Amino acid sequence: MKYALVTGGSRGIGRAVCQKLHQMGYEVLINYVSNREAAQETLALIEGRGELMQFDVADGAAVTAALEGWKAAHPEEYIEVLVNNAGIRRDNLLIWMEQADWKKVLDTTLDGFYNVTHALLQPMLLHKYGRIVNVTSLSGIKGLPGQTNYSAAKGGLIAATKALAQEVARKKVTVNAVAPGFIHTDMVEGLDEATLKKDIPAARFGDPGEVAALVGFLASPDASYITGEVISINGGLYT
Ligand code: NAP
């Protein structure tokens, strides 16, 4: 059995990534924070070849408890693919932004990255094989007004990707990031799609499956010499 963990695997991009990794032969651990029903739907879509794993990625103690529990139940195995996908946005101009919204977005992305990656890294190094793919955003490359919290979080995740890639490359663990533009998920509900797509050369939002195809490639053995990269997937909406 080969195991992969997708944070925020219950919906949107994370669900599509779970499906892709399932097609690639992985047992998929589907993390979610509160939407158990959606996570169960993802599990059904991958024919039950995985398990649900509830925790808030920002809660270090909860992450440790869940992952140590998994390790205790699978003493001979390890999680060789980690997709740090869980993310939220709490948009506002900085002048109106509450500290709680600043903190929640940074904690989910950056503490989430630390908590889950730190827990899974050592077995990857010991086995001399691992794939870590971080889901960042165009917002973390370009900076978008109304998203100083989200841009800071995703930009920080890009920097962490590049730093960690250099720490672990010799052990055949790769660390890359994907940076989607606008993708059809719950996260973009309420955005003015008709206006926004005028600026996208492909003239449309992307689909979660298109992002999952890229994540799947970076998570595959074929991507063994790619590390520390940030690959945009945005229909030509360059910075
Ligand atoms: P989504 O449909 O809103 O789904 C978010 C997922 O993250 C859900 O599975 C949710 O779990 C989970 N989640 C949120 N907070 C969490 C936490 N604290 N701990 C564990 N899981 C948590 O979002 P999406 O559009 O698929 O976004 C996925 C990733 O892509 C995010 O990192 C987002 O920033 C990034 N992204 C999205 C777009 C876009 O246009 N959609 C563009 C660029 C980047 P529950 O179901 O339990 O709530």
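Student: What makes the pair formed by the ligand and serine 34 a polar contact?

Tutor: In this predicted model, an oxygen atom of the ligand lies 2.8 Å from a polar backbone atom of serine 34. A polar contact is a pair of N or O atoms within 3.5 Å (within protein, one must be able to donate a hydrogen and the other to accept it, and residues adjacent in sequence count only if both atoms are side-chain atoms), so the pair at serine 34 qualifies. A polar backbone atom of isoleucine 13 is likewise 2.8 Å from a ligand oxygen, and at arginine 11 a polar side-chain atom lies 2.8 Å from an oxygen of the ligand.

Student: How much of the ligand does the protein bury?

Tutor: Taken alone, the ligand exposes 900 Å², of which the protein buries 95%; such areas come from the Shrake-Rupley method with a 1.4 Å probe, and for residues only the protein chains shown count as cover. The elements that give two or more residues to the shell are α1 (12-23), β2 (26-32) and α6 (148-168), where helices (H or I, at least four residues) and strands (E, at least two) are DSSP runs numbered from the N terminus.

Student: How many residues surround the ligand, and which are the closest?

Tutor: There are 32 residues around the ligand, with Ser10, Ser34, Asn85, Tyr150 and Thr185 the closest; a residue counts as near if one of its heavy atoms lies within 4 Å. By class, the shell has 14 nonpolar, 14 polar and four charged residues.

Student: How is the model itself to be read?

Tutor: Residues are numbered from 1 along each chain as its sequence is written, and side-chain values use heavy atoms, with hydrogens and water left out. As the model is predicted, local features need pLDDT of at least 70 and side-chain atom pairs count only at pLDDT 80 or more, whereas totals for chains, interfaces and linings use all residues.

Student: Why is the meeting of glutamate 41 and arginine 15 called a salt bridge?

Tutor: Their side chains meet at 3.3 Å, N to O, and a salt bridge requires a side-chain nitrogen of Lys or Arg within 4 Å of a carboxyl oxygen of Asp or Glu, so this pair meets the criterion. Glutamate 41 lies in helix α2 (residues 36-45) and arginine 15 in helix α1, so the bridge ties together parts that are 26 residues apart in sequence. The structure holds seven salt bridges.

Student: What do glutamate 27 and arginine 49 tie together?

Tutor: The side chains of glutamate 27 and arginine 49 meet in a salt bridge at 2.6 Å, N to O. Glutamate 27 belongs to strand β2, while arginine 49 sits in the loop between α2 and β3 (50-54), so parts 22 residues apart in sequence are tied together.

Student: Why is glutamate 27 called buried or exposed?

Tutor: Buried means under 20% relative accessible area, exposed over 50%, and partly exposed in between (1.4 Å probe, protein chains only); glutamate 27 has 11%, so the residue is buried. Its partner arginine 49, at 39%, counts as partly exposed.

Student: How far apart are aspartate 107 and lysine 103 along helix α4?

Tutor: Both lie in helix α4 (residues 99-127), four residues apart, which is about one turn of the helix, and their side chains form a salt bridge at 3.0 Å, N to O. Aspartate 107 is buried at 19% relative accessibility, whereas lysine 103, at 47%, is partly exposed.

Student: How do you know whether asparagine 31 is buried or exposed?

Tutor: Asparagine 31, in strand β2, has a relative accessibility of 2% and therefore counts as buried. A polar atom of the asparagine 31 side chain lies 3.1 Å from the backbone nitrogen of glycine 8.

Student: What makes the phi of lysine 172 notable?

Tutor: Most residues other than glycine have a negative phi. Lysine 172, in the loop between α6 and β6 (173-180), has a positive phi near 65 degrees, and at 54% relative accessibility lysine 172 counts as exposed. Alanine 203 also has a positive phi, of about 60 degrees, although it is not a glycine; alanine 203 is found in the loop between α7 (193-196) and α8 (208-218), and its 45% relative accessibility makes it partly exposed.

Notes: Nonpolar A, V, L, I, M, F, W, Y, C, P; charged D, E, K, R; others polar.
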